[in-house]
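Q: I have a model open on my screen and would like to learn how to read its features one by one. Could you walk me through them?

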Amino acid sequence: MAGRVRVLSERFMVPGKESLVKKLMLEVEQNVRKQAGFVKGEVLRDTSDPSMYVILTEWESMRHLKNWFETDFYKTQSEKLNETLQTPSSYRILKKQRDDIFLL
């Protein structure tokens, strides 16, 4: 899969763990910005369910994303974040459609 990829991950946090989640996510943000191939990222919070977070990241290539997933830092932080989740994280890896298609 050549070209940029985007990752959409959804996480439902255990209520009461907000300060720990904020600390862990700040550490992830600071580290991921240094990773080769990282383009951009943002964290969004659901307006109707404050326990639900959506993380969007963009990478230069699938190889760069896989390299991030293999770092010790990512693995350690994922384990720590998993302790704050109601359910396992869901991930979708997306690639921009090359054809001019617009679907509603």
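A: Gladly; we will go from the overall layout to helix packing, helix faces and a few single residues. One thing to keep in mind is that this is a predicted model.

Q: Let us begin with the layout. How many helices and strands are there in the protein, and what pattern do they follow along the sequence?

A: The protein has 3 helices and 4 strands. Reading along the sequence, you meet them as β-α-β-β-α-α-β. The C-alpha trace spans about 45 × 35 × 20 Å along its principal axes.

Q: What percentage of the residues in the protein is buried, and what share of the contacts joins residues 24 or more positions apart?

A: Of the 104 residues, 34% are buried. As for contacts, take those with a separation of 6 or more: 73% of them are between residues 24 or more positions apart.

Q: Now the helices. How do I describe a packed pair?

A: The general idea is that two packed helices are described by the angle between their axes and the distance between the axes. Here, helix 1 (residues 18-32) packs with helix 3 (residues 72-82) at an angle of about 160°, and their axes are 10 Å apart. That angle makes the two helices roughly antiparallel, since the cut-off for that label is over 145 degrees. The crossing of helix 1 and helix 3 is left-handed.

Q: Which residues meet where helix 1 packs with helix 3?

A: Helix 1 brings Leu-24, Met-25, Glu-27, Val-28 and Asn-31, and helix 3 brings Phe-73, Gln-77, Lys-80 and Leu-81. By class, the residues of this contact divide into 5 nonpolar, 2 polar and 2 charged.

Q: And how do I tell whether a helix has a buried face?

A: The general idea comes from the helical repeat: an α-helix has 3.6 residues a turn, so residues three or four places apart point the same way. Try helix 2 (residues 62-69), where Met-62, His-64, Leu-65 and Trp-68 are buried. Looking down the axis of helix 2, these buried residues fall within an arc of 160°, so they line one face of the helix. Arg-63 and Lys-66, on the other side of helix 2, are exposed.

Q: What covers the buried residues of helix 2?

A: The cover includes strand 1 (5-12), strand 3 (52-59) and strand 4 (90-94), together with helix 1 and helix 3.

Q: Which residues of helix 3 are buried, and what do they pack against?

A: In helix 3, the buried residues are Tyr-74, Gln-77, Ser-78 and Leu-81. Down the axis of helix 3 they fall within an arc of 105°, so they too line one face of their helix. Asp-72 and Glu-79 are exposed on the other side of helix 3. The buried residues of helix 3 pack against strand 1, strand 4, helix 1 and helix 2.

Q: Let us turn to single residues. Is Phe-38 buried or exposed?

A: The general idea is to compare the relative accessible area with a cut-off, and buried means under 20%. Phe-38 lies in strand 2 (residues 38-45). With a relative accessible area of 14%, Phe-38 is buried. Not counting residues up to four places away in sequence, Phe-38 touches Val-32, Arg-33, Thr-57, Glu-58 and Trp-59.

Q: How far apart in space are Phe-38 and Lys-17, and how far apart are Glu-10 and Ser-90?

A: This pair of cases shows why I check sequence separation and spatial distance separately. Phe-38 and Lys-17 are 21 residues apart in sequence and 28 Å apart in space, C-alpha to C-alpha. Glu-10 and Ser-90 are 80 residues apart in sequence and 5.3 Å apart in space, again C-alpha to C-alpha.

Q: What else can I read about Glu-10?

A: Glu-10 has its place in strand 1 and is partly exposed, with a relative accessible area of 22%. Leaving aside neighbours within four places in sequence, Glu-10 is in contact with Met-52, Tyr-53, Val-54, Ser-89 and Ser-90.

Q: Which residues is Ile-93 in contact with, leaving aside its neighbours within four places in sequence?

A: Ile-93 is in contact with Val-5, Arg-6, Val-7, Met-62 and Leu-65. Ile-93 lies in strand 4 and is partly exposed, with a relative accessible area of 39%.

Terms used:
Residues are numbered from 1 along each chain as its sequence is written. This is a predicted model: local features need pLDDT of at least 70, side-chain atom pairs count only at pLDDT 80 or more; totals for chains, interfaces and linings use all residues. Side-chain values use heavy atoms; hydrogens and water are left out. Axes are lines fitted to C-alpha atoms, for helices over the stretch in contact, and angles run from 0 to 180 degrees between N-to-C directions. Angles under 35 degrees count as roughly parallel, over 145 as roughly antiparallel, 65 to 115 as roughly perpendicular and the rest as oblique. A crossing is left-handed if the near helix is turned anticlockwise from the far one by less than a right angle, and right-handed if clockwise. Contact means heavy atoms within 4.5 Å. Ala, Val, Leu, Ile, Met, Phe, Trp, Tyr, Cys and Pro count as nonpolar, Asp, Glu, Lys and Arg as charged, and the others, Gly among them, as polar. Buried means under 20% relative accessible area, exposed over 50%, partly exposed in between (1.4 Å probe, protein chains only). The arc is that of the directions from the helix axis to the C-beta atoms.
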